[in-house]
Amino acid sequence: MAGGITQAEYWNGEVGARWARNQAVLDAVFAPLTEALFDRAALRSGESVLDIGCGSGATSLEAARRVGPEGAVTGADISAPLLAVARSRAEAETGAAPIRFVKADVGSADLGAYGQALSRFGVMFFPDSARAFANIRRMLHPGGRLTFLCWRALPENLWVTVPREAVVPLLPEIPPPPQPDTPGPFRFAAADPLVALLRGAGFGTVACDAVDRDVVLGRGATDAEAAQAAAHVALNLGPTAHLVREAEPDLRSRAEAAVTAALTPHAEGGTVRLRAACWLVQVG
Ligand SMILES: C[S@@+](CC[C@H](N)C(=O)[O-])C[C@H]1O[C@@H](n2cnc3c(N)ncnc32)[C@H](O)[C@@H]1O
């Protein structure tokens, strides 16, 4: 649940629509992390790939380019607005593997059999992670691999903490810390329980490596413009946006000013860059 609503409601409602509108921005922010994911997945020509929680499809499209026309890609997600963006992007692709986008809960659906499964931040939202990872493992061919990115702890992710710390003092209540083992971006911040979870789901080999990348949160002709652009991203996508998603216009505009001010010292040469800290996990 996210604030008393189910994940399906969350990703099909206003949040899903906002992610869909900001697809290009989001893909640009995540680009260095996406590269790390694909370097590790090392997809080969002709492979079949399942993209878990594929969202607006960037990683499904990249997988299709990498496995080529002899391969096949399924992008699965519970969000109708994000899948609509993914489908329209796939129509413009040529020379890549065929991509099938399906609306499905990857935690329980049987979506076929794959040589590789991957996910960019799409595996932290299952109500029952043990069941979901066991289900994903069942969909892998013998020798198949699952490669995914998830976030390390909040304090290590400056791209979240810098805007977040500017917003929290403005809120009527301090947001409660997330309940352990509930869906959310930082659910797998601790590596040991994640490794145990994956072993419990039946994966024999588990590699969990820390990956740090500077992500570009905003660009502009001046540092002031870059900070403004970065504040817009932070307040529309991700954990800081979640804090103000139901805020009145007055609080929202105060948050925008506070986040812009907090991001300004991080702008240099018209770019706001901040550290993102992930686990890059590969299991088989
Ligand atoms: C943080 S977003 C990441 C989206 C995409 N992978 C990207 O990097 O742009 C998480 C995604 O997981 C999807 N999701 C959440 N629970 C899911 C489930 N049980 N089955 C499939 N997708 C799910 C959401 O709809 C959302 O698109």
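**Exercise 1. Determine which polar contact the side chain of Thr-271 makes, and place this residue in its surroundings.**

Solution. In this predicted model, the side chain of Thr-271 forms a polar contact with the side chain of Arg-219, at a distance of 3.4 Å. The next step is to locate the residue in the secondary structure, where Thr-271 belongs to strand 8, which spans residues 271-283. Its relative accessibility is 8%, and because the limit for a buried residue is under 20%, Thr-271 counts as buried. Finally, when neighbours within four places in sequence are left aside, Thr-271 is in contact with Val-216, Gly-218, Arg-219, Asp-223, Ala-226 and His-266. Arg-219 therefore appears both in this list of contacts and as the polar partner of the Thr-271 side chain, with burial of Thr-271 at 8% relative accessibility.

**Exercise 2. Decide whether Glu-47 is buried or exposed, and describe what its side chain reaches.**

Solution. Begin with the position in the chain: Glu-47 sits in the loop that joins helix 3 (23-41) to strand 1. Its relative accessible area is 12%, so Glu-47 is buried. The side chain of Glu-47 comes to 2.7 Å from the backbone nitrogen of Arg-44. Residues up to four places away in sequence are not counted in the next step, which gives Ala-42, Val-67, Gly-71, Ala-72 and Gln-116 as the residues that Glu-47 touches. One of these, Gln-116, is 69 residues from Glu-47 along the chain, yet the two C-alpha atoms are separated by 7.3 Å.

**Exercise 3. Work out which residues of helix 6 are buried and what they pack against.**

Solution. Helix 6 comprises residues 129-138, and its buried residues are Ser-129, Ala-132, Phe-133, Ala-134, Asn-135 and Ile-136. These buried residues pack against strand 1 (48-52), strand 4 (114-120), strand 5 (140-151) and helix 8 (191-200). At the N-terminal end, helix 6 is capped by Asp-128, which has a side-chain oxygen 3.3 Å from the backbone nitrogen of Ala-130. Ala-132, itself part of helix 6, can then be examined singly: its relative accessibility is 1%, so it counts as buried. Apart from residues up to four places away in sequence, Ala-132 touches Val-106, Gly-107 and Phe-126. Between Ala-132 and Val-106 there are 6.9 Å from C-alpha to C-alpha, although the two are 26 residues apart in sequence.

**Exercise 4. Identify the residues that come nearest to the ligand, and describe the polar pairs and the shell around it.**

Solution. The ligand is surrounded by 18 residues, of which Gly-53, Asp-77, Asp-105, Val-106 and Arg-120 come nearest. Two of the polar pairs involve the protein backbone: a polar backbone atom of Gly-53 is 2.7 Å from a nitrogen atom of the ligand, and a polar backbone atom of Val-106 is 3.0 Å from a nitrogen atom of the ligand. Asp-77 instead takes part through its side chain, with a polar atom 2.5 Å from an oxygen atom of the ligand. On its own the ligand has 590 Å² of accessible area, and the protein covers 97% of this. Sorted by class, the shell holds 11 nonpolar, 4 polar and 3 charged residues.

**Exercise 5. State which residues the UniProt domain annotation covers, and describe the chain over that range.**

Solution. According to an unreviewed UniProt entry, the annotation "domain: Methyltransferase" covers residues 49-144. Over this range the chain is 33% helix and 28% strand, and its end C-alpha atoms lie 10 Å apart.

Methods:
Residues are numbered from 1 along each chain as its sequence is written. This is a predicted model: local features need pLDDT of at least 70, side-chain atom pairs count only at pLDDT 80 or more; totals for chains, interfaces and linings use all residues. Side-chain values use heavy atoms; hydrogens and water are left out. A residue is near a molecule or strand if one of its heavy atoms lies within 4 Å of it. A polar contact is a pair of N or O atoms within 3.5 Å; within protein, one must be able to donate a hydrogen and the other to accept it, and residues adjacent in sequence count only if both atoms are side-chain atoms. Accessible areas come from the Shrake-Rupley method with a 1.4 Å probe; for residues, only the protein chains shown count as cover. Ala, Val, Leu, Ile, Met, Phe, Trp, Tyr, Cys and Pro count as nonpolar, Asp, Glu, Lys and Arg as charged, and the others, Gly among them, as polar. UniProt positions are given in the numbering used here, feature names are shortened, and annotations may be inferred rather than shown by experiment. Helices (H or I, at least four residues) and strands (E, at least two) are DSSP runs, numbered from the N terminus. Buried means under 20% relative accessible area, exposed over 50%, partly exposed in between (1.4 Å probe, protein chains only). Contact means heavy atoms within 4.5 Å.
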